Amino acid sequence: MSGRTRMLALDAGQTGIKVRVRQGGGSEDILLPGIRTAEPLLPQLAAAAREAFDRTGVRATAVAAGVSGLTSREADASALLTLLDGSSVREVALAHDSTTSFLGAMSDARGAVVAAGGGVVTLAVGRTEVARVDGWGYLMGDAGSGFWIGREALAAVMRAYDGRGPETALRDVAQQHWPDLSEAYIDLQSSDDRVSTVASFAAQVARLASAGDEVARDISVRAGRELAHSVEAALGRVLDEGEPADVCAIGGVFRSAMLHDAFVERLESSPLEVTLREPAGEGIDGVMALLDLGTGHPLATAVSNARV
């Protein structure tokens, strides 16, 4: 993006939109409310961009966005550019957040990035092939994610409540939210915040796993193995036999020591030749790189571009 001095990057998830505005040699980050999946996406991105312009005073000439759950129907940079008509924006790039997570963490390296927060998606990039694994949302996938962990925790709580499963300190945590556990499911199912509420239990699972709660430990280990399994599946689709690859694990669920250890243990026992490495950056850094992505990069076809 040589010669371009004013840029706005949107790292858009359901829990928040991280915005980075660059002007000249400096940059500023702000946080806006997350995207609402039940409403049209592109108008929300356009509104976020305009709010960022208003709050920072920067009139960007280029906007790039990495978006959680972006579908092929919504990945229309031209439509987003039209929604920004009347602004200073002359160029737009739009991609799924698995693409921007990879670029932020790995840049031009080959390998896999698993990004696990409330949801999860894994992306592997080989010499010419790209493979995405999971990221199918809380109803159909996101195995090992914060939501998955929280759902497993609440299921264990209700099994203990019924006498179908072992007792767990997670029950006390749940009763802080719902003193009468017999009515918890009604309150949860009718809540607009049910996804984030369920995912919020992941932090308590990590805490109680470290404290020795066997149910929390089991959930954490299974989550780590699920995430490693996704990495194995993704790499298996893009690597030549015997080809080494780097792996980056990013996102809040990896703050759980037991989950992280289970993830590493499974990968180390894998027949694949993988090396775990620290990420070079985060998703917002990958969004900033979208407009510089060369046409020969395997991920170039995953980016929608528009220019006037």
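Is M140 buried or exposed? M140 is exposed, because its relative accessibility is 73%; here buried means under 20% relative accessible area, exposed means over 50%, and partly exposed is in between (1.4 Å probe, protein chains only). A note before the views: this is a predicted model, where local features need pLDDT of at least 70, side-chain atom pairs count only at pLDDT 80 or more, and totals for chains, interfaces and linings use all residues. Residues are numbered from 1 along each chain as its sequence is written, and side-chain values use heavy atoms, with hydrogens and water left out.

**View 1. A nonpolar surface patch around M140.** W136, L139 and M140 make up this patch, which covers about 440 Å². To be in a patch, a residue needs over 30% relative accessible area and no salt bridge; like charges are joined within 9 Å, and nonpolar side chains (Val, Leu, Ile, Met, Phe, Trp, Tyr) within 5 Å. The areas come from the Shrake-Rupley method with a 1.4 Å probe, and for residues only the protein chains shown count as cover. M140 sits in helix 4 (residues 137-140). Helices here are DSSP runs (H or I, at least four residues), strands likewise (E, at least two), both numbered from the N terminus.

**View 2. Two aspartates with positive phi, D134 and D142.** Most residues other than glycine have a negative phi. D134 goes the other way, with phi near 60°, and belongs to the loop between strand 8 (130-133) and helix 4. D142 also has a positive phi, about 60°, and lies in the loop between helix 4 and helix 5. Both side with the buried class: D134 has a relative accessible area of 9%, and D142 has 7% relative accessibility.

**View 3. Helix 5 against helix 9.** Two packed helices are described by the angle between their axes and the distance between the axes. For helix 5 (residues 146-162) and helix 9 (residues 201-210), the axes come within 7 Å and cross at roughly 70°. Axes are lines fitted to C-alpha atoms, for helices over the stretch in contact, with angles running from 0 to 180 degrees between N-to-C directions. The two helices are therefore roughly perpendicular; that label covers 65 to 115 degrees, while under 35 is roughly parallel, over 145 roughly antiparallel and the rest oblique. On the helix 5 side, G146, I149, G150, A153 and L154 meet F201, A202 and V205 of helix 9, where contact means heavy atoms within 4.5 Å.

**View 4. Helix 5 against helix 6.** Here the axes of helix 5 and helix 6 (residues 170-177) come within 9 Å and cross at roughly 100°, so this pair is roughly perpendicular too. The helix 5 residues involved are A153, L154, V157, A160 and Y161, and they meet L170, R171 and A174 in helix 6.

**View 5. Strand 2 salt-bridged to the stretch around helix 12.** A salt bridge is a side-chain nitrogen of Lys or Arg within 4 Å of a carboxyl oxygen of Asp or Glu, and by this rule the count comes to 16. E282 pairs with K18, with the closest N and O atoms 2.7 Å apart. E282 is in the loop between strand 10 (274-276) and helix 12 (283-289), K18 is in strand 2 (residues 17-23), and they are 264 residues apart. E282, at 38% relative accessible area, is partly exposed, and K18 is partly exposed at 24%. D285 and R20 form another salt bridge, 2.8 Å from N to O. That one links helix 12 to strand 2 across 265 residues; D285 is partly exposed at 30%, whereas R20 is buried at 13%.

**View 6. R307 paired with E91.** Their side chains meet in a salt bridge of 3.0 Å, N to O. R307 lies in strand 11 (residues 304-307) and E91 in strand 5 (residues 91-96), so the pair ties together parts that are 216 residues apart in sequence. R307 is exposed at 62%, but E91 is buried at 9%.

**View 7. Helix 3, a mostly covered helix.** Of the 10 residues in helix 3 (residues 97-106), 10 are buried, including D97, F102, L103 and M106. S107 follows helix 3 and has a positive phi, near 55°.
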